[in-house]
Amino acid sequence: MDATKETPNLEHGPRRRFFKRAAIATLIGGMAAGIGIKAFAQGPGGWHRGGFMAGPLDPAQVDEHLERTLRHFYVEIDATDEQKRKLAPIVKQAAKDLLPLREKARDARKKAAELLTQDSIDRAAIEALRAEHLQLAEQGSRRIAQALADAAEVLTPAQRKELAARVEKHRRGWRHG
């Protein structure tokens, strides 16, 4: 027997879990775009040029972008007044909760650049930063999943199916565009 086949690959399990989580986070992120989180990456001014993870965001601008995106979303799903009343706080609170994570992620990128440009490489510090980054991703993913579930409860099954179809259409466009 080949000894390499008998020895379990210790990275296979954690690596598989990582990619599974990354795939789930990607799916959740794509769906979140459909309910208004995409507002951060669009619009006038520095956001469009720099993207969501660029510089600091003005809370008034965040609210304005969310309002505009929600108005478009309401039209796309033919939302009732009751649905509008319930969805707005879900999306706005999720955005408010996610903004501090955005700032922490920006700080982590700066810290990574510092660590990787030092004269000597501090592997322990890089590993600690990686673990912190995964924790931030988990917190963000958990909050987005909560907002998606809350929003899904407000929508009808037909609206959820329409939203999923739109997200899939945009996802294909992003990949091939």
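Helices are DSSP runs of H or I with at least four residues, numbered from the N terminus. The exercises below concern a predicted model.

**Exercise 1. Determine where Gln-83 is found and whether Gln-83 is buried or exposed.**

Step 1. Gln-83 is found in helix 5, which spans residues 81-116.

Step 2. The relative accessible area of Gln-83 is 7%. Buried means under 20%, so Gln-83 is classed as buried.

**Exercise 2. Identify the polar partners of the Gln-83 side chain, and list the residues in contact with Gln-83 beyond four places in sequence.**

Step 1. One partner is a backbone atom: the side chain of Gln-83 reaches the oxygen of Val-154 at 3.1 Å.

Step 2. Another partner is a side chain, that of Gln-159, with a polar contact of 2.6 Å.

Step 3. With neighbours within four places in sequence set aside, the contacts of Gln-83 are Asp-78, Val-154, Leu-155, Thr-156 and Gln-159. Both polar partners, Val-154 and Gln-159, appear in this list.

**Exercise 3. Describe the largest nonpolar core and the elements that contribute to it.**

Step 1. The largest nonpolar core has 21 residues, and Phe-73, Tyr-74, Ile-77, Leu-87 and Leu-155 have the most contacts inside it.

Step 2. Two or more residues of this core come from each of helix 4 (59-77), helix 5, helix 6 (123-154) and helix 7 (157-176).

Step 3. Helix 5 gives the most, with 7 residues.

Step 4. Another core, of 5 residues, lies apart from the largest one; among its members are Leu-101, Leu-136, Ile-144 and Leu-148.

Step 5. Leu-155, named in the largest core, is also in contact with Gln-83.

**Exercise 4. For the salt bridges Lys-84 to Asp-81, Lys-86 to Glu-82 and Arg-171 to Glu-168, give the N to O distance and the accessibility of each partner.**

Step 1. The structure holds 13 salt bridges. Side chains of opposite charge can pair when their charged atoms come close.

Step 2. Lys-84 and Asp-81 meet at 3.9 Å, within the 4 Å cut-off. They lie 3 residues apart in helix 5, about one turn. Lys-84 is partly exposed at 31%, whereas Asp-81 is exposed at 61%.

Step 3. Lys-86 and Glu-82 have their closest N and O atoms 3.5 Å apart. Because they are 4 residues apart in helix 5, about one helical turn separates them. Lys-86 is partly exposed at 38%, and Glu-82 is partly exposed at 39%.

Step 4. Arg-171 and Glu-168 meet at 2.5 Å. Their separation of 3 residues in helix 7 is about one helical turn. Arg-171 is partly exposed at 34%, and Glu-168 is partly exposed at 26%.

Key
Residues are numbered from 1 along each chain as its sequence is written. This is a predicted model: local features need pLDDT of at least 70, side-chain atom pairs count only at pLDDT 80 or more; totals for chains, interfaces and linings use all residues. Side-chain values use heavy atoms; hydrogens and water are left out. Buried means under 20% relative accessible area, exposed over 50%, partly exposed in between (1.4 Å probe, protein chains only). A polar contact is a pair of N or O atoms within 3.5 Å; within protein, one must be able to donate a hydrogen and the other to accept it, and residues adjacent in sequence count only if both atoms are side-chain atoms. Contact means heavy atoms within 4.5 Å. A nonpolar core is a set of buried Ala, Val, Leu, Ile, Met, Phe, Trp, Tyr and Cys residues joined through side-chain atoms within 4.5 Å. A salt bridge is a side-chain nitrogen of Lys or Arg within 4 Å of a carboxyl oxygen of Asp or Glu.
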